[in-house]
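This briefing goes through a two-chain model by topic. Please read it alongside the sequence and the coordinates.

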Amino acid sequence: MKQEEFFSSRWSLIIATIGIAVGTGNIWRFSRIVAQNGGGSFLIPWLIFLLVWSVPLIIAEFAIGKSTRFGPVGAIAKTAGRQFGWMGAFIVFVSTAIMFYYSVVTGWCLRYFISAISGDLFSTTKHLEYWTKFSSSYQPLLYHFISMVFVAFVIYRGVSKGIEKVTKFMVPSLLIILLILFVRAVTLPNAIEGIKYFFTPHLDIILNYKVWLNALTQNAWDTGAGWGLILTYAVYMKKKEDISLNAALIGFGNNSVSLLAGITIFSTVFALSTSNAMQQISQAGPANTGLTFIYLPLLFSKISSHYIVNVIFASLFFIALFFAAVTSLMSMVELTTRTLIDFGIKRGKAIIIVASLGFLLGIPSAIDLKFLTNQDWVWGVGLIISGAFISFSIIRYGVDKFRKEIINGYGSDVKIGKWYNFIIGFLIPVQVVVLVSWWLISSVSWDPEWWNPFHAANAGTCIFQWGIVLLTFILLNKFMVNQTLKQSN
Amino acid sequence: MNFITIITMLIVVGTVWGGMIFFLTRAVKYEKIKEENGEVEN
């Protein structure tokens, strides 16, 4: 199929792809995980996994998407072989399943921005009650609908008039806002205590294997590497575009934002907390909303003695969060839409299908936080398997051949060496096995009925849901691959 | 702030933010070269 849509420049591609990577995970999950894993003790392994998980997989996704010009189903079928198209379908399904509840989360961010800018957020100091009242009302559903409609419209407009235009505004805006908040935060009295905690390593903690596994998990969930989203945007890369240098920019760019956000949050919490700051950052709360939607609003009310200043800073924070969420949501919607386009459905019709399904299947997450938590658990761990399938595809193709012909092929600014073969061919699969095993085995310890598929977060619910999806796609493999690849004839 | 904290901060910030700036400047440089060479668009 002749590729007709492209990003207009390297910078548009990079900004859009940073939009994929930078999401709520950078701003809210990262700080909580750093706090729970000993501050500086976490940052060292986090840095290592940027280099041995995130960047190599981003390189892989750019390369597969650019060379095949298909979404994940066709891409995996062309790279690994037609009999493995089901792996691509699983990758699509995982990101699509995440899209359903991520749209709900995007809606929360939008609502809290509106609450902040209208001053409603400061009408109370009882933020747990405020959150509970909001989350049990009709409003999550309404804002989920608004988020999905907005993103659907952007995706309908296509790559240059839709994705590029919106990300060119939102991503730089998000970065500027984070910088403003960072400067304010580090200049607060006592902020230095937060920065000290953030960067101080402890030998006993750094030797704890759980810290390393949490660092790998954070990289896996945060950068978007291995999700198929970057692969999808890579379909719209021009032939002359480099792969490796762009991938490094995305990986380091994403982790730069996490660092900026983490220092900001730690500084703010340590400066303004009257009680145990670490406890406040570490708290998960319902569906892991504790820090962002319950504790930070309380802190924003204390950032200054001037009400309007507090409103401004709270509004800036939540609009940044919304921009981060929506640019990631856009890529998830585009991935599913791209898959339907590859099947032969026109973009306009495809987006109607995706947006309708996205809204309808997101309703359970909008009205039941326990369901959202379950889906976040199942498909969050499922993402690791998506990464494994991408790595497997390259192994099937031939890692060294892939590196020489595709990654280091036409358009490459830098040539990557044989170290890449070792990472993709050995290290990534090892990390996958270790991580998936660890998460599933851990779930046995926190749930005695670990086999029960109807519990929120255990091994049973993962195996049950993954099993249904995998079996379905394996059975439909021939049809899906034939339907996708015939479009290129 | 003690010595080990400062070292950790320098390593982490230097690698992440320093790496970002390094790769960005390289990308700008290579993009200029491509433009000067008039490389094929698609």
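The points below cover confidence, chain B, the contact between the chains, two helices of chain A, two loop residues and the packing inside chain A.

The model is predicted. The predictor assigns the complex an ipTM of 0.92 and a pTM of 0.93. In chain A, helix H4 is enclosed by the rest of the structure, with nine of its nine residues buried, and H4(A) is also where confidence in that chain is highest.

**Confidence**

- The mean pLDDT of chain A is 91, and 96% of its residues score at least 70.
- Within chain A, helix H14 (residues 277–282) has the lowest confidence, with a mean of 66, while H4(A) has the highest, at 97.
- Where pLDDT is low, predicted coordinates should not be read in detail.
- For chain B the average pLDDT is 89, with 90% of the residues at 70 or above.

**Chain B**

- Chain B contains one helix and zero strands.
- The C-alpha trace of chain B spans about 55 × 15 × 10 Å along its principal axes.
- Chain B has 42 residues, of which 19% count as buried.

**Contact between the chains**

- Chain A contributes 22 residues to the contact and chain B contributes 23 residues.
- On the side of chain A that touches chain B, the elements giving two or more residues are helix H3 (40–68), helix H9 (191–199) and helix H13 (244–272).
- H13(A) supplies the largest share of that side, eight residues.
- By residue class, the side of chain A that touches chain B has ten nonpolar, five polar and seven charged residues.

**Helix H3 of chain A**

- H3(A) is 29 residues long and covers 41 Å from its first C-alpha to its last, close to the 42 Å expected at 1.5 Å a residue.
- A bend of about 40° occurs in H3(A) at A:Leu50.
- Of the 29 residues of H3(A), 24 are buried, so this helix is largely enclosed by the rest of the structure.
- H3(A) also gives two or more residues to the side of chain A that touches chain B.

**Helix H4 of chain A**

- All of H4(A) is buried, nine of nine residues, so the helix is largely enclosed by the rest of the structure.
- The buried residues run from A:Pro72 and A:Val73 through A:Gly74, A:Ala75, A:Ile76, A:Ala77 and A:Lys78 to A:Thr79 and A:Ala80.
- These buried residues pack against H3, helix H5 (85–118), helix H12 (229–234), helix H16 (307–342), helix H18 (369–397) and helix H22 (477–485) of chain A.
- After H4(A) comes A:Gly81, which has a positive phi near 130°.

**Loop residues with positive phi**

- Most residues other than glycine have a negative phi.
- A:Arg69 is not a glycine, yet its phi is positive, about 60°.
- A:Arg69 comes just after H3(A), in the loop between H3 and helix H4 (72–80) of chain A.
- A:Arg69 counts as partly exposed because it has 18 C-beta neighbours inside 10 Å, under the 20 required for a buried residue.
- A:Asn190, also a residue other than glycine, has a positive phi near 75°.
- The loop between helix H8 (158–186) and H9 of chain A holds A:Asn190.
- A:Asn190 is exposed because 12 other C-beta atoms lie within 10 Å, and a residue with 12 or fewer counts as exposed.

**Packing inside chain A**

- The largest nonpolar core has 179 residues, and those with the most contacts inside it are A:Cys109, A:Phe318, A:Ala320 and A:Phe322.
- H5(A) gives the most to this core, with 22 residues.
- Leaving aside residues up to four places away in sequence, A:Ala320 touches A:Leu174, A:Ile177 and A:Leu178.
- A:Gly382 lies in helix H18 of chain A and is buried, with 23 other C-beta atoms within 10 Å.
- With residues up to four places away in sequence left out, A:Gly382 touches A:Val94 and A:Trp466.
- A:Gly382 and A:Trp466 are 84 residues apart in sequence, but their C-alpha atoms are 7.6 Å apart in space.

Notes: Residues are numbered from 1 along each chain as its sequence is written. Chains are lettered from A and ligands numbered from 1 in the order in which they are written. This is a predicted model: local features need pLDDT of at least 70, side-chain atom pairs count only at pLDDT 80 or more; totals for chains, interfaces and linings use all residues. Helices (H or I, at least four residues) and strands (E, at least two) are DSSP runs, numbered from the N terminus. Two residues are in contact if their C-beta atoms, placed from the backbone, lie within 7 Å. Ala, Val, Leu, Ile, Met, Phe, Trp, Tyr, Cys and Pro count as nonpolar, Asp, Glu, Lys and Arg as charged, and the others, Gly among them, as polar. pLDDT is the predictor's confidence in each residue, from 0 to 100. The expected span of a helix is 1.5 Å times one less than its number of residues. The bend at a residue is the angle between axes fitted to the seven residues ending there and the seven starting there. A nonpolar core is a set of buried Ala, Val, Leu, Ile, Met, Phe, Trp, Tyr and Cys residues joined through C-beta atoms within 7 Å.
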